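Trainee: Before we start, could you walk me through how the labels on a structure like this are earned?
Mentor: Happily. Let's put it on the screen and take the labels in turn.

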Amino acid sequence: GLLRIDHVGIAVPDLDAAIEFYSSVFGMTCEHTEENEEQGVREAMLGVGGGPSRLQLLAPLREDSPIAKFLTKSGPGLQQLAYTVSNVEEAADAIRAKGLRLLYKEPKRGTAGSRINFVHPKDCGGVLVELVEPAVIHPGD
Ligand code: V0V
């Protein structure tokens, strides 16, 4: 099952400008940045209010990136909602068994060594849902 909301992902054209915006307007802190070549993204994870809530800023690395396509089609904005799970294969299998499409047969690599899969937005009321199995599950999760 789901443990909690892992992060909310926002597509942005310029990562550094977006980090600066969220830091100066909302006082968020950039905890981690990473390039994910396979996903075609440069991303930043921002902490919200000193608690476990996190915002993920996603900028395209190249023209065929899902984020580039999203920006062209929808403009900057909410792109995904991610849930923490303890086991991504089990979570994906359970959702598949309900007849929803998962984007990947096998999990792929996400932020900070996590393992990820996605539910197709057309099967989820227009929301791109990500399942995240962190490299380390923190106590209390
Ligand atoms: C597309 N659609 C969306 C959507 N993207 N709806 C809600 N939220 C989104 N993010 C809608 C789109 O408006 C179309 O609706 C329809 O789905 C098909 O979209 P499309 O533009 O033709 O695009 P596709 O089918 O080429 O690609 C859409 C999918 C793609 C979701 C399959 O974006 C994808 O593979 N996403 C998963 C990977 C990803 O997002 N990576 C970047 C983050 P109409 O017009 O037909 O009604 S990487 C990440 O999160 C990491 C590393 C991490 O968290 O660790």
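What follows is a conversation about the sheet, the rings and the charged pairs of this predicted model.

Trainee: Let's begin with the sheet. What is the order of its strands?
Mentor: The order is β2-β3-β4-β1-β5-β8-β7-β6, eight strands in an open sheet with mixed pairing.

Trainee: What makes β2 and β6 the edge strands?
Mentor: Each of them pairs on one side only.

Trainee: How do you know that β2 and β3 are paired?
Mentor: Two strands pair when there are at least two bridges between them. Strand β2 (residues 29-36) and strand β3 (residues 41-47) are joined by seven bridges, so they meet that condition. They run antiparallel, and Glu34 stands opposite Glu43 of β3.

Trainee: What is found between those two strands?
Mentor: The hairpin of β2 and β3 has four residues between the strands, and Gly40 takes a positive phi near 70 degrees there.

Trainee: How do you know that β3 also pairs with β4?
Mentor: The same reasoning works: at least two bridges are needed, and β3 and strand β4 (residues 54-60) have seven, in the antiparallel sense. In this pairing Gly47 stands opposite Arg54 of β4.

Trainee: Now the rings. How many aromatic pairs are there?
Mentor: The structure holds four. One of them is formed by Phe21 and Tyr22.

Trainee: Why is the pair of Phe21 and Tyr22 called edge-to-face?
Mentor: Rings pair if their centres lie within 6.5 Å, and planes over 60 degrees apart count as edge-to-face. Phe21 and Tyr22 have 5.2 Å centre to centre and 85 degrees between the planes, so both conditions are met.

Trainee: And why is Tyr22 with Phe26 called stacked?
Mentor: Stacked needs planes under 30 degrees apart. For Tyr22 and Phe26 the planes are at 25 degrees and the ring centres are 5.9 Å apart, so stacked is the right word. Both residues lie in helix α1, four residues apart, about one turn of the helix.

Trainee: What makes Phe21, Tyr22 and Phe26 a cluster?
Mentor: Ring pairs link them.

Trainee: Why is Tyr22 called buried, while Phe26 is called exposed?
Mentor: Buried means under 20% relative accessible area, and exposed means over 50%. Tyr22 has 15%, so it is buried; Phe26 has 53%, so it is exposed. Phe21, in helix α1 (residues 15-26), is at 43% and therefore counts as partly exposed.

Trainee: Which residues make the nonpolar surface patch of about 310 Å²?
Mentor: Phe21, Val25 and Phe26 make that patch.

Trainee: How do you know that Lys108 lies over the face of Tyr104?
Mentor: One part of the test asks for NZ of Lys within 6 Å of the ring centre. Lys108 is at 4.5 Å from the ring centre of Tyr104, and lies over the ring's face.

Trainee: On to the charges. How many salt bridges does the structure hold?
Mentor: It holds ten.

Trainee: Why is the contact of Glu34 and Arg109 called a salt bridge?
Mentor: The cut-off is a side-chain nitrogen within 4 Å of a carboxyl oxygen. Glu34 and Arg109 meet at 3.1 Å, N to O, so the contact qualifies. The pair links distant parts of the chain, with Glu34 in strand β2 and Arg109 in strand β6, 75 residues apart.

Trainee: Are Glu34 and Arg109 buried or exposed, or in between?
Mentor: Glu34 is buried at 15%, while Arg109 is partly exposed at 40%.

Trainee: Which residues form salt bridges with Arg115?
Mentor: Glu89 does, with its closest N and O atoms 2.5 Å apart, and Glu133 does too, at 2.8 Å. Both values are within the 4 Å cut-off. Glu133 lies in strand β8 (residues 129-133) and Arg115 in strand β7, so this pair ties together parts that are 18 residues apart in sequence.

Trainee: Why is Glu133 called buried, and Arg115 partly exposed?
Mentor: Glu133 has a relative accessible area of 14%, under the 20% limit, so it is buried. Arg115 is at 29%, between 20% and 50%, so it counts as partly exposed.

Trainee: What makes Glu37, Arg62 and Asp64 one network?
Mentor: Salt bridges that share partners join them.

Note on methods
Residues are numbered from 1 along each chain as its sequence is written. This is a predicted model: local features need pLDDT of at least 70, side-chain atom pairs count only at pLDDT 80 or more; totals for chains, interfaces and linings use all residues. Side-chain values use heavy atoms; hydrogens and water are left out. Patches are made of residues with over 30% relative accessible area and no salt bridge: like charges are joined within 9 Å, nonpolar side chains (Val, Leu, Ile, Met, Phe, Trp, Tyr) within 5 Å. Accessible areas come from the Shrake-Rupley method with a 1.4 Å probe; for residues, only the protein chains shown count as cover. Buried means under 20% relative accessible area, exposed over 50%, partly exposed in between (1.4 Å probe, protein chains only). Rings of Phe, Tyr and Trp (its six-membered ring) pair if their centres lie within 6.5 Å; planes under 30 degrees apart count as stacked, over 60 as edge-to-face and the rest as tilted. A charge sits over a ring if NZ of Lys or CZ of Arg is within 6 Å of the ring centre and within 35 degrees of the ring normal.
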